[in-house]
Amino acid sequence: MTTLPSRTLILLKPDAVRRGLTGEILRRFENKGYQVVALRLLTAAAETLAEHYAEHVSKPFYPGVEGYMSSGPLVALVLEGHRVVEGARSLMGATDPTTAAPGTIRGDLGRDWGGEAIENLVHGSDSDESAAREIAIWFPELAA
């Protein structure tokens, strides 16, 4: 029995784009064997961020997140592959770049800059359900 590939949303955050790490991060996902099925460079609108981070909008830290995520262009992409949500999160490493394991994107390329928001280079969906919701926000044409 063959299982269909799954999809996940990845955001290369403004700090990744600003630091010129887009190619390096994409290379890591592609080297793992995941297929890029959609990709766009954009500056996130406040409405898109509010929908993406809906569960955090009322929290005191949200203005810092919104400011960081709209501070410059980001790359939104959809990856496809077997167990891609789990695999992409493993490649990204722990959320805190200071404690992320060496060999991961955040462990090798990220650091804490001491700002209001954690600038950790990359976002990835945390479940198949989140991936479907997030892909529909950033790539409505791919919504299932």
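**Briefing: R28, the annotated binding-site residues and the largest pocket**

R28 is buried, with a relative accessibility of 15%. The model described here is predicted. R28 sits in helix α2, which covers residues 22-31. The other topics are the residues that UniProt, in an unreviewed entry, lists under "binding site", and the largest pocket, with a volume of about 570 Å³.

**R28 and its surroundings**

- Beyond four places in sequence, R28 touches L91, G103, T104, I105, D108 and L109.
- The R28 side chain forms a polar contact of 2.8 Å with the side chain of E24.
- A polar atom of the R28 side chain also lies 3.5 Å from the backbone oxygen of G103, and G103 is among the residues that R28 touches.
- R28 and A88 are 60 residues apart along the chain, and their C-alpha atoms are separated by 9.5 Å.

**Binding-site annotation**

- The UniProt record places the feature "binding site" (unreviewed entry) at K13, F61, R89, T95, R106 and N120.
- These positions span 108 residues in sequence and their farthest two C-alpha atoms are 22.9 Å apart, so they do not all gather at one spot.
- The lining of the largest pocket nevertheless includes K13, F61, R89, T95, R106 and N120.

**Largest pocket**

- The volume of the largest pocket is about 570 Å³.
- Its lining consists of 24 residues, of which K13, Y53, H56, T95 and H123 are the closest to the centre.
- At least two lining residues come from each of α4 (62-69), α5, β4 (122-124) and α7 (128-138).
- Sorted by class, the lining holds nine nonpolar, seven polar and eight charged residues.

**K13**

- K13 is located in the loop between β1 (6-12) and α1 (14-18).
- With a relative accessible area of 8%, K13 is buried; the cut-off for buried is under 20%.
- Apart from neighbours within four places in sequence, K13 is in contact with Y68, M69, L74, N120, L121, V122 and H123.
- Among these contacts of K13 is N120, which is also listed in the "binding site" annotation.
- Another contact of K13 is H123, and both K13 and H123 are among the lining residues closest to the pocket centre.

**R89**

- R89 belongs to helix α5, residues 84-92.
- The relative accessibility of R89 is 35%, so it counts as partly exposed.
- Setting aside neighbours within four places in sequence, R89 is in contact with G124, S125 and D126.

Note on methods. Residues numbered from 1 in each chain as written. Predicted model: local features only at pLDDT ≥ 70, side-chain atom pairs only at ≥ 80, totals over all residues. Heavy atoms only, no water. UniProt positions renumbered as here; feature names shortened; annotations may be inferred. 1 Å grid on protein atoms, 1.4 Å probe; cavity = no way out; pocket = protein on both sides within 12 Å on 5 of 7 lines; lining within 4 Å. Helix = DSSP H or I, 4+ residues; strand = E, 2+ residues; numbered from the N terminus. Buried < 20%, exposed > 50% of the residue type's maximum accessible area, 1.4 Å probe, protein only. Contact = heavy atoms within 4.5 Å. Points joined across faces, edges and corners; volume = space filled by probe spheres on them. Nonpolar A, V, L, I, M, F, W, Y, C, P; charged D, E, K, R; others polar. Polar contact = N/O pair within 3.5 Å; in protein donor to acceptor, adjacent residues only side chain to side chain.
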